[in-house]
Structures are given as C-alpha cells and as structure tokens.
Amino acid sequence: MGTTSCLTRVQGLLRIRNQLVRECLAEVLATFVMMTITLASAAQKIAFFETKGNLITSYLGGALGVMAGIYTAGGISGAHMNPAFSLAMCLIGQFPWWKFPIFVVVQIVGSFISAAAVYVLYYDAIWHHSNGTLTVTGPQETASIFATYPADFVSVANGFLDQVIGTGVLIVVVMGIMDPRNKPVPKGLEPVVVALLVLSIECSMGANCGCPLNPARDIGPRLFTYLAGWGPEVFSRGNGWWWVPLVAPLLGAAVGTYLYQLFVAFHYPAEDSKDLAEQGSIVLVNTAIGADIGTSPKEKDSAGETVPAQYPPSPSASSTVPRTVTFTPLKES
C-alpha cells in the first residue's frame, strides 16, 4: 500500500496533460529504445571483431529494435521513429504538417541520446579496438557503429538511389499493412511484421551503405560522434556522404506513398469518402476527419435510428496515431 500510495502521489505531481508533450516524450523513448538496440547490435561487430555471424546479429538487432520501439509507444505517438514515415503520414493526411518538424527534432534527440548510451556501454571495447584513437576510416575505425557510410566501391549517386529504393519499398509495404481493405495484419502483431520487413530489407539491400532508411537514425548518432571525438571526418568520409541518408529516405518515402496510391489504393470500388475515413483507409480523400469538424445535429445509423452527431466519436484531431494502426517503423541498420 505504501509503495502504491507513493506512486500515486508521484503520478499526480508529474503527470503531463498536454497531448503534444505526451506524444513527444513517448516518441523520444520509442526512438531511444529502437536506436539503443540497433547501435548496440552494431557494436557487437567491434567487440567481436567483425565475424559474419555478428553481421547477421547487427541486422537482426536493428529489426528487433524497430519492433521494441513500436511496442513502447505505438499507442501514444504512433512510434514513427523515422522522419520518412512521418512524411508519408503527412502526405496521406493522417498526420498534421505542423507536427512534422517537431517529430523530426524529437526523433533526432532520441537517436543522439541512444548513441551516447551505446558509447558508454561499449566504451572499453571501442577504445580497445581503436588502439586509443577514434578513427572514421581504416581497420581500427569505430565510427560505423553509430552512423552509416558507403562501401568504397559505392558512388554518392548509387548510394542515393539505394536509399530512395529501399525506403520506397519500406513505405509501400507499411502502407499495405496499414490498409484495412487490403490484407491487414492481426491486431497486435503489426510490430512483428514490420520488424520482419525491416530485416528483409537489411539483408537484401544492406551491402551498399548499411541501409539507414531513416534520417534521424543517421544524423543523430553522426552528430554525437562529431562531438565525442571522431571529428569532422564523420561528415567528409565517402565524398561528403552525410547528406544522402538525410535527403534520399524522404524522397523514397514520397515515392513509396504515391506508388501505393497509384497502384492499389486509388482502385478500390467507389464508395462514399466519409466511409473511407471511418474505415481508416489510407487512400487519399479530401475529407476532414478531425473531431472538432461540425456535423449535423443528428444523423441516421444503418438501421434508421437517430443517433447524436459525431457518434461514435472520432479520434482526437491532434492524435498522431493512424486510424487503423497505432504504430509505425524506422529503420535502421
């Protein structure tokens, strides 16, 4: 009783009622969880000297990190964890544009903090492997634990295309998972399916540049390495590669979003746009779905009975959670 009473008092003191702040806190935590598992898995390659088995461990850790992040905050913020996914949600009208820059900053902060946590966790291994010098290139380099860099044979143009295609595939499949009129995933298993999707992309497209697919996943840890001692070379390596994981995934997200619309969502049997919104379809519709949009005082249900307007109540207009699925992914390598 004493412990319960204490927790109740603490909750009363610390509970935040502003929805945007709650969503941001949840998004920071989800991104932190995802990135900590992802980067710690990548650090295994340093701690155990880059065996093939540990490369697979790195890929698996990245996918499981996505799953863990979605389960952590999917019902609160939507667990975007990836600016590319947030952009896709904006493009289909399920996420307000004014929240987009806020979520991008929050996701970068979560990634930055996770990089610091992994650096502390593997501090001894990193310094042992690097022989006391933090380097970005060479056999003792450790910068690739945190950020992605292209293989020596990959040009910037090829790497850019790699990220557009990879992120496009990610978003197309996520759109299908979220679409209730397609083949929806059993409720509660969406994070598992997204993790398998991420794992498949990493295993098939990770050779060129580590498959970041997520601007926040790359720039947050890269900034940390710059500040922690690796220096400006983290931005110059790979012919100034650093901007590619920032820009290309956003373009890929837009391409993937509109490909799904053009090839699938636009071609469902015609039905009232209001019904589409009520079903949570991710097809683009020009319909306001906010809770504060006015309606007639009374509406008829399917049986002809009179029911109050806005019944059943629609989700809060400020919610970041999609109508169909309260989750999302990020991706990382």
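Here are a few exercises on this predicted model, each with a worked solution.

Some ground rules: local features need pLDDT of at least 70, side-chain atom pairs count only at pLDDT 80 or more, and totals for chains, interfaces and linings use all residues. Residues are numbered from 1 along each chain as its sequence is written, and side-chain values use heavy atoms, with hydrogens and water left out.

**Exercise 1. Find the salt bridges in the whole structure and say where their partners sit.**

Step 1. Look for a side-chain nitrogen of Lys or Arg within 4 Å of a carboxyl oxygen of Asp or Glu. The search turns up three salt bridges.

Step 2. Take Lys99 and Glu23, whose side chains pair at 2.9 Å, N to O. This pair ties together distant parts of the chain, 76 residues apart: Lys99 is in the loop between α4 (83-91) and α5 (100-121), and Glu23 is in helix α2 (residues 19-47). (Helices here are DSSP runs of H or I, at least four residues, numbered from the N terminus.) Lys99 is buried at 1% relative accessible area, and Glu23 is buried too, at 2%; buried means under 20%, exposed over 50%, and partly exposed in between, with a 1.4 Å probe and protein chains only.

Step 3. Next, Glu141 meets Arg237 at 4.0 Å, N to O. Again distant parts of the chain are linked, 96 residues apart, with Glu141 in the loop between α6 and α7 and Arg237 in helix α10 (residues 233-240). Arg237 comes out buried at 19%, and Glu141 is buried at 14%.

Step 4. Finish with Asp218 and Arg222, which meet at 2.6 Å, N to O. Both lie in helix α9 (residues 215-230), four residues apart, about one turn of the helix, and both are buried.

**Exercise 2. Work out how Glu141 reaches Ala143.**

Step 1. Place Glu141: it's in the loop between α6 (123-129) and α7 (156-178).

Step 2. Follow its side chain, which gets to the backbone nitrogen of Ala143 at 3.1 Å.

**Exercise 3. Count the disulfides, then check Cys203 and Cys209.**

Step 1. Apply the rule: a pair of cysteine sulfur atoms within 2.5 Å. The count is zero.

Step 2. Check Cys203. Its sulfur is 9.4 Å from the closest cysteine sulfur, in Cys211, so that's too far for a bond. Cys203 is partly exposed, at 47% relative accessibility.

Step 3. Check Cys209. The nearest cysteine sulfur, that of Cys211, is 6.8 Å away, and Cys209 is in no disulfide. Cys209 is buried, at 1% relative accessibility.

Definitions and conventions
Helices (H or I, at least four residues) and strands (E, at least two) are DSSP runs, numbered from the N terminus. A polar contact is a pair of N or O atoms within 3.5 Å; within protein, one must be able to donate a hydrogen and the other to accept it, and residues adjacent in sequence count only if both atoms are side-chain atoms.
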